[in-house]
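Let's take a walk through this one together, from the overall layout down to individual side chains. Keep the viewer open and click along as we go.

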Amino acid sequence: MNDSPDRASPGSASPDPRPSGTPGQHTGEPTGDDTERAAPEAPRPARDDRPRNWAADQPPAAPRGWNWGDQDDSRGRRSGRGQIPRQHPGGPRGRTAGPGPAQGWNHNGPPTAWAHPPQAAKPGVVPLRPLGIGEILDGSVSAMRAHWRTALGIALVVAVLTELVSVLTMRLWLGDSTAFEALTKNDEPSLEELNNALTDTLSTLSVTWVVGMLGTVIATAMLTVVVSRAVLGRQVTPGEAWRDARPQLPRLLGLLLLLPLLVCLVLFGCLLPGILVALAGPVGPALLLLFLGLLGGIAAAAWVWVRFCLAPPALMLEKQGLFDAMRRSAKLVTGSWWRILGIQLLTLVLITAVSFVVSLPATAVSALVSGGDTLTDPAAATTWTSLVINGIGSVLASTVALPLSAGITALLYLDQRIRREALDLELARAAGVPGFETQDTEPPAAGS
C-alpha cells in the first residue's frame, strides 16, 4: 500500500517529510508524479514477525494455553469478530478464559496454576464439612487411634468389669445347678426339670444383661465425650470424660432401656392380630396374619430404631432430657432416614465381623480345651476353664467394638447437625481455626 504524507496507518509512526531514496533508484514502491516516495524503513530487529507499519509498542502476547476460536455469527458465517475464548486446557472443567487475563494468572510473568477452592478445616479427626460414609468410619478409627489410651482404656475397664460379673454369675449360678445335670442324664426330662433349667438360664441371662447394659451406658457416655473432643483436636483424660459424662448417666440409662422396649412393643403390636387369631382356633389365617405381622413389625421396628438412634449423642452432647433427646433425634433424622439406616446397618455388620474375628481364637482354644463338648453338654460350658477363656475373647471383642460403635454414632450425629445447622462453623470457632471469629460465640454442643 502507499504511504501518503497526510495519512498514516493506525498505530504507525508519522511519515518522514523528507524525500526518500535517489531518483531512479528502485525502492520497491510505485513511482508517479502525484505520489512521494516512502521513507526507507528503519532497520528491523532480527526475527521480527510483525506486519509492516505496526507500532513498536504492542500489547504482550496472550499467555500460553489461550486458544481463541471463531464463532458463527447470527448469519451463519465464520467471522473473526465476536470471538469467544476456548476453555483453558489446564483449568478446571466448566471455566473459560475471559477477554483479559483470567483470575489466577500472573499478570507480570508466566501463567500460574488455577486457584483451588479452599479446603475444609480439619482441626481433629474429621474435616469440618458434611461427611461421607467412608469419612465417618475412618473418623471413628482415627479417634480411637489418636486417643487410644483414653478410648481403649475406658472400653477395657468396662469390658473387664462386666465380663467378670458375667463369668462369676454363670459359674456360681449355673455351675452348681442340678437342672442341667438332670437334662443330660435323662433322655426324657420331666416338665419340672425343663422349667427349672429354663428358670436358671433366664435368671443368669437377666443378671448378665443388666450388668452389660450398665457397662454399655458408661462406655457410650464417656466415649461420646472422647469423640467430640477428638473432632476439635483436643486431648481428654479418662477422669475428664467421666466428670463430663457422669451427670447424664441416669438419663442415658433410661434412654437405652426405653428404646429397646419401644422397639419390642412396636413388633409385638404388629404380631398381636395373628396371635389372637391363633388363640381363637383357625390355623391358616393365623399363620398368614403372623407372617404379615412379622414383616410389618420388622419394618416398623426398623423405622423406630433409626428415628431415635441419634438420641444418645444428642442427650450427652446437648445436655438434654430423655424425651427432648428423642425429639432432637427425630428432627435430625427427618429427610435422611434411608441414609442413616444404611450407615447403621453397615456399622452393625462391621462391629459383628470385628467382634467375631477378635473372639474367634479364644473360642477355638476353649473348644480344644473342653474337647468340643460345649455345644452338646451345657455343663461343660460352665467350667472355670471354658468361662475364663471365652471371657478373655469377649473382653477383647468389646474393647474394640465399643469405641467403634460409639464413635460412628457420635460422628453421624455431628454430620447431621453440620448438614442441617452449619455446626461446622461453630466447631471451627471452638477449635480456634484461623479466620473464624471467637468473640461472643458460645461453645458448640458437640463439646468444647
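Trp-338 makes a good starting point: at 68% relative accessibility it counts as exposed, where exposed means over 50% relative accessible area, buried means under 20%, and partly exposed is whatever falls in between (1.4 Å probe, protein chains only). Its partner in the sole aromatic pair of the structure is Trp-337, and the two rings sit edge-to-face, 4.8 Å centre to centre with 85° between the planes. The rule here is that rings of Phe, Tyr and Trp (its six-membered ring) pair if their centres lie within 6.5 Å, with planes under 30 degrees apart called stacked, over 60 edge-to-face and the rest tilted. Trp-337 counts as buried, because its relative accessibility is 17%.

Before going on, some ground rules. This is a predicted model, so local features need pLDDT of at least 70 and side-chain atom pairs count only at pLDDT 80 or more, while totals for chains, interfaces and linings use all residues. Residues are numbered from 1 along each chain as its sequence is written, and side-chain values use heavy atoms, with hydrogens and water left out.

Now zoom out. The chain has twelve helices and two strands, and reading along the sequence you meet them as β-β-α-α-α-α-α-α-α-α-α-α-α-α. These are DSSP runs numbered from the N terminus: helices are H or I with at least four residues, strands are E with at least two. Of the 448 residues, 32% count as buried. Take the contacts (heavy atoms within 4.5 Å) between residues at least 6 apart in sequence: 64% of them join residues at least 24 apart. The accessible surface comes to about 27,100 Å², and 61% of that belongs to carbon and sulfur atoms; the areas come from the Shrake-Rupley method with a 1.4 Å probe, and for residues only the protein chains shown count as cover.

For a look at a buried spot, go to Ser-140 in helix α1 (residues 133-146). Ser-140 counts as buried because its relative accessibility is 1%. Which residues is Ser-140 in contact with, once its neighbours within four places in sequence are left aside? They are Pro-403, Leu-404, Gly-407, Ile-408 and Leu-411.

Helix α11 (384-421) also turns up on the surface, where it and α2 (148-174) each supply at least two residues of a nonpolar patch. The patch covers about 660 Å² and is made by Leu-164, Leu-168, Leu-172, Trp-384, Val-388, Ile-392 and Leu-396. To qualify, a residue needs over 30% relative accessible area and no salt bridge; nonpolar side chains (Val, Leu, Ile, Met, Phe, Trp, Tyr) are joined within 5 Å, and like charges within 9 Å. α11 gives the most, with four residues. One α11 residue to click on is Ile-392, which counts as partly exposed because its relative accessibility is 47%.

Next, the charges. Side chains of opposite charge can pair when their charged atoms come close. The structure holds eleven salt bridges, each being a side-chain nitrogen of Lys or Arg within 4 Å of a carboxyl oxygen of Asp or Glu. One of them joins Glu-135 and Arg-129 at 2.5 Å, N to O. Glu-135 is partly exposed at 25% relative accessibility, and Arg-129 is partly exposed at 32%.

Another links Arg-327 to Asp-324, with the closest N and O atoms 2.2 Å apart. Why are these two separated by about one helical turn? Because they are three residues apart in helix α9 (residues 322-333). Arg-327 is exposed, with a relative accessible area of 54%, whereas Asp-324 counts as partly exposed at 37%.

Then there's Glu-421, which forms a salt bridge with Arg-328, the closest N and O atoms being 2.8 Å apart. Glu-421 lies in helix α11 and Arg-328 in helix α9, so this pair ties together parts that are 93 residues apart in sequence. Glu-421 is partly exposed at 32% relative accessibility, while Arg-328 counts as buried at 13%. Salt bridges that share partners join Glu-318, Arg-328, Arg-417 and Glu-421 into one network.

Last stop, the cysteines. With a disulfide taken as a pair of cysteine sulfur atoms within 2.5 Å, the count comes to zero. Cys-270 is partly exposed, with a relative accessible area of 26%, and Cys-309 counts as buried at 9%.
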